[in-house]
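Trainee: Got a minute to go through this one with me? I'd like to talk about its packing and its charged pairs.

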Amino acid sequence: MAEERRGSWFGFGFCGFGQALGSGRGRQVTSPEPLRAAGTDAEVCSVSASWSYTAFLSRERSGPIPPGPAPTCPRLLLSWLPAPAGAGQVQLSGSARGAAEGCRDAWASETLLVVLRDGRGPGAGAELQAWAPGSALCGEPLWAQTVVPEAQREDREDGEGDGTRARPLPLLPGARAYVSPLSPLYRPLAPELRARRLELGTEHALLLDEAGQVYSWGGGRHGQLGHGTLEAEPEPRLLEALQGLPMAEVAAGGWHSVCVSETGDVYTWGWNESGQLALPTRSLAEDRETVTGETTGLSGHGPGVTGTTGDEGGAPASCIALQPFPALLDLPLGSDAVKASCGSRHTAVVTRAGELYTWGWGKYGQLGHGDTTSRDWPCRVEYFVDKQLQAVAVSCGPWNTYVYAVQRETS
């Protein structure tokens with residue numbers, strides 16, 4: 001019989017406020033380190049990271065992980081995360097501290113901590129609570145609302161049997177509204193928007209509907225909405241450039257956006273100041289020209305990209321500051337993506353083969369390559385390859401990254 005295998009969460013990047021990133025020593029962790037939940041019998045089920053603190057949802061270990069290799073189907077990959085059934089404990093680490101029991105989901109931002117908790121009393125439905133991060137989850141929440149049983153039942157039925165979880169926060173149970181860190185906290189969605197996932201950037205929002213179509217709205221001054229302009233959109237607008245291409249994932253960064261198609265293609269758009277779109281950027285090109293010129297006398301770029309020097313600064317003429325339309329990104333070795341997440345200025349993608357690629361701003365080690373170098377091309381995180389680990393899920397904070405991985409099966 002094959003050995004039962006459990007996975008672990010790993011963290012790397014900024015930890016200047018003492019947020020748990022493996023050891024949590026110093027201001028940064030540049031290579032993945034395993035997270036350690038409080039209590040020997042608890043396992044971290046999900047992670048939501050803000051800039052100065054992180055919320056961990058942990059539960060008591062129960063039920064074995066199925067033996068054999070991790071599944072490759074995107075919708076089944078999440079079945080390899082710790083079982084979502086039952087409530088657990090939310091723990092805060094960093095500038096915000098505290099813990100709360102009876103929690104099913106948590107979503108962290110600098111102005112608001114949102115938790116979905118079991119109701120306070122027999123037969124009570126779940127309760128959505130919004131807390132000030134500095135409250136230590138003590139006293140009364142800033143705002144609370146009971147989740148109607150119908151909404152809970154809809155989410156259970158929608159996720160039943162396919163290995164997926166109920167729709168994660170900030171999308172509310174029932175998918176008819178979402179919660180925002182800015183007032184008004186509760187924001188309804190139009191009834192015709194059958195949301196499957198919703199992601200919030202610094203100034204914009206992305207919604208993935210049940211048909212795999214993408215909608216965007218909010219601020220657009222960095223091209224992060226993908227409509228070809230820099231104009232804001234007050235209401236959800238269909239991303240016409242991707243219409244007819246079913247998407248499986250969306251991710252919103254500070255001012256950039258990423259989505260993954262059901263066939264594993266990656267599309268990026270928005271701001272590219274630090275190479276977070278994996279497109280040539282001027283600042284990194286100039287640094288690369290200086291270093292490469294000093295050592296070899298040649299100009300260079302990341303693998304698979306050719307730059308042509310044509311301006312007075314010596315940077316490639318093809319440098320892109322922002323991309324207002326979705327651009328197709330080819331991962332190395334023709335890899336197909338299944339998961340994506342965005343930080344403030346960096347991007348991380350998990351491939352169907354269980355490899356992790358990161359790129360963009362790397363000042364605090366959030367790319368996981370053992371250094372603080374920024375990159376404007378997808379670069380594989382070798383730690384997971386060396387440790388024979390298969391990445392399953394990724395969740396980026398603004399300046400850090402968390403990855404869930406399982407041990408690869410040995411032949």
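Mentor: Sure. For starters, a nonpolar core is a set of buried Ala, Val, Leu, Ile, Met, Phe, Trp, Tyr and Cys residues joined through side-chain atoms within 4.5 Å. Keep in mind that this is a predicted model.

Trainee: Which strand gives the most to the largest nonpolar core?

Mentor: That core has 28 residues, and Trp 9, Val 47 and Phe 384 are among those touching the most other members. Strands E1 (7-14), E3 (42-49), E21 (346-351), E24 (389-396) and E25 (400-407) each supply at least two residues. The top contributor, with six residues, is E24.

Trainee: Where does this core lie relative to domain 1 and domain 2?

Mentor: Look at who contributes: domain 1 (37-61 + 81-149) gives residues, and domain 2 (189-289 + 318-410) does too. The core therefore lies between them.

Trainee: Now the charges: how many residues apart in sequence are the parts that Glu 249 and Lys 339 tie together?

Mentor: These two form a salt bridge, with the closest N and O atoms 2.8 Å apart. Glu 249 sits in strand E16 (residues 247-252) and Lys 339 in strand E20 (residues 337-342), so the parts they tie together are separated in sequence by 90 residues.

Trainee: And is Glu 382 buried, partly exposed or exposed?

Mentor: Glu 382 meets Arg 380 in a salt bridge (2.9 Å, N to O), and both belong to a salt-bridge network with Glu 355. Buried needs under 20% relative accessible area and exposed needs over 50%. Glu 382 has 34% relative accessibility, so it counts as partly exposed.

Terms used:
Residues are numbered from 1 along each chain as its sequence is written. This is a predicted model: local features need pLDDT of at least 70, side-chain atom pairs count only at pLDDT 80 or more; totals for chains, interfaces and linings use all residues. Side-chain values use heavy atoms; hydrogens and water are left out. Buried means under 20% relative accessible area, exposed over 50%, partly exposed in between (1.4 Å probe, protein chains only). Helices (H or I, at least four residues) and strands (E, at least two) are DSSP runs, numbered from the N terminus. Domain bounds come from an automatic or database domain assignment. A salt bridge is a side-chain nitrogen of Lys or Arg within 4 Å of a carboxyl oxygen of Asp or Glu.
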